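Got your viewer open and a hand on the mouse? Let's take a walk through this model, one selection after another.

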Amino acid sequence: MRKPFRPDHVLVFSVFVVASSGLAYELVSAALASYLLGDSVLQFSTVIGCYLFAMGVGSHLSRFVRDADLLRVFIEVELLIALVGGLSATLLFVLFGAQGLPFRTLLYALVFCVGVLVGSEIPLVMRLLDARKADTRLALGDMLSRVLTFDYLGALIVSLLFPLLLAPWLGMARTALLFGLLNAVVALYTLHAFRAELPARRRLLWRALLVIGVLAAGMAGSGALTGWSERRLYGDDIVHAQSTPYQRIVLTRWRDDLRLYLNGELQFSSRDEYRYHEALVHPALQSAAAVRSVLVLGGGDGLAVREALKHATVERVTVVDLDAAVTTLFAHQPELVELNRGALADVRVQVINADAGQWLEHTTQRFDVILIDLPDPTNFALGKLYSVPFYRLLARRLSDTGLVAIQATSPYYAPHAYWCVEASLREAGFATWPYHVYVPSFGEWGFLLAARSAGAFAPPLRYDVATRYLDAATTAEMFRFPPDMPRPVVDANHLDSQALVRYYERDWRNTVR
């Protein structure tokens, strides 16, 4: 015998969708803020805090809804969440690309709006279930247990799906639109299930269909819209754009110039990247004795590997880069393969996609030269890879006569950050040799050479490999610092303080480029 229809099942299931979509909008907004503004810890913390506060406001406001209007208001709130939350990521992309708009204000206003709407839903569902408990035989404890079970279950599922499936495959905009459609479908199904209790159901039906139509159109056109927004933001044609669990990858082209951006930060320009990579690689490899093994931390673009492979003695290069999407892109995209001369496919090269710190903890290999080509320390996750404990770990993987070369941001634009890296190396027991080079697309850029003993390095007087920029004169100049790049007094970077990230933020915030 078929069981009779239970309207309360619709309401309880809606809690699952409410929790899922609410967390999805929160994660999308926080991830986008970290992509566009940097400092993932700050962005996630402030977005989550704003969102939870807004949910409390929404929960409080729900008490002013009359009992007679509960069902109608619940459906209308679902539709509003579907529309605002579903379009949130697309709106943020567009707003960030529009010059002159206060993006942070708009970001938190949007997060607050979604939070208020989501926060009002659970109390509305609870009141609707309470009004029907005589018919459904749901005691208060049982009702609360069901609602919270579905609430937490939805949050768990989305928290797992977001980094593993949704962000990498759908991207931020389509993920938000997908959950917007789920909210709209719940509203439509609730409208159908309770149609006998809704005198204004025709008007609500048209609203639901309109919202679904808008979101469906957004799903179909989100790629073009976000692409248009990014073209406005970067100013050049977008060759490749991809969101991964770790970052937003954007590759642009203007004439013969290819540029890579990670989370909005320029990583290289194909017109002058050779200056950067020659300066990073060749002073160390030319000076170290009989370099056979090289470790590259970061450098998933293969450009540092390209330079290292020029040295005939090199037998093995190990690349450890967190994001497989970057190494895959630079191993297969024809223009990029041409740029790095197929370095990632060389038989001497092994590519490992892993966190650099964790990989160093577990490997027992030792290397003659270690090249650290990591992104700037814009957040605490990256800052740990510039810390004293990290460099002490690094020392155990370096051969007795080996050298380490590190990109260390700009000694001109970010002097406190640059010299903090140097101080961290010295506290970890390294002897250091600071140097810098002018890269037109970056400006004045800084590097550090480090070794276990003070006599392990002297600037090379010649190079045994072909170079476009480096020679004896330019090398000697790199190791001289002019008066307008003085050394400030700074602390070393420890995990418990992360002084480097604060120096970096302060330096670049005060810099007019």
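Start by selecting strand 2 and strand 3: these two form a hairpin with 2 residues between them. Click on R255 in the turn, which has a positive phi of about 55 degrees. Keep in mind as you go that you're looking at a predicted model.

Now light up residues 257–262, which make up strand 3. Strand 2 and strand 3 run in the antiparallel sense and pair over 6 bridges. Want one of the partners? Pick V250, then look across to Y261 in strand 3, its bridge partner.

Next, add residues 237–243 to your selection; that's strand 1. Strand 1 pairs with strand 2 over 6 bridges, in the antiparallel sense. These two make a hairpin as well, with 4 residues between them. Which residue stands opposite I249 of strand 2? Click across and you'll land on Q242.

Stay with strand 2 for a moment and select residues 248–254. Why can we call this strand largely enclosed by the rest of the structure? Because 5 of its 7 residues are buried, and buried here means under 20% relative accessible area.

Time to move along to helix 10, residues 324–332. Which of its residues are buried? Color A325, V326, T327, L329 and F330 to see them. Then show what covers them: the list includes the three strands you've just met, strand 1, strand 2 and strand 3. Also among the covering elements are strand 4 (265–269), helix 11 (334–339) and strand 7 (349–352). Before leaving, zoom in on D323, which caps the N-terminal end of helix 10. One of its side-chain oxygens lies 3.0 Å from the backbone nitrogen of A325.

Now for the rings. The model holds 18 aromatic pairs. Select Y418 and W419 to see one that is edge-to-face, with 5.0 Å from centre to centre and 85 degrees between the planes. Are these two buried or exposed? Y418 has a relative accessible area of 0%, so it counts as buried. W419, at 5%, is buried too.

Then hop over to W445 and W508, a tilted pair: 6.3 Å centre to centre, with 35 degrees between the planes. W445 sits in strand 11 (residues 443–451) and W508 in helix 17 (residues 499–509), so this pair ties together parts that are 63 residues apart in sequence. Both W445 and W508 are buried.

Keep those two selected and add Y276, Y412, Y413, W433, Y435, F442, F447, F457, F479 and Y504. Together with W445 and W508, they form one aromatic cluster.

Two more rings have a charge for company. Select R468 and Y274: the charged end of R468 sits over the ring of Y274, 3.8 Å from the ring's centre. For the other, go to R63, which lies over the face of F64 at 5.2 Å from the ring centre.

Finally, zoom out to the whole chain. Switch to a cartoon view and you can look for 17 helices and 11 strands. The C-alpha trace spans about 90 × 50 × 45 Å along its principal axes. How many of the 513 residues count as buried? The share is 56%. Turn on the surface to finish: the chain exposes about 22,600 Å², and carbon and sulfur atoms supply 59% of that.

Notes: Residues are numbered from 1 along each chain as its sequence is written. This is a predicted model: local features need pLDDT of at least 70, side-chain atom pairs count only at pLDDT 80 or more; totals for chains, interfaces and linings use all residues. Side-chain values use heavy atoms; hydrogens and water are left out. Buried means under 20% relative accessible area, exposed over 50%, partly exposed in between (1.4 Å probe, protein chains only). Two strands pair if DSSP finds at least two bridges between them. Contact means heavy atoms within 4.5 Å. A polar contact is a pair of N or O atoms within 3.5 Å; within protein, one must be able to donate a hydrogen and the other to accept it, and residues adjacent in sequence count only if both atoms are side-chain atoms. Rings of Phe, Tyr and Trp (its six-membered ring) pair if their centres lie within 6.5 Å; planes under 30 degrees apart count as stacked, over 60 as edge-to-face and the rest as tilted. A charge sits over a ring if NZ of Lys or CZ of Arg is within 6 Å of the ring centre and within 35 degrees of the ring normal. Accessible areas come from the Shrake-Rupley method with a 1.4 Å probe; for residues, only the protein chains shown count as cover.
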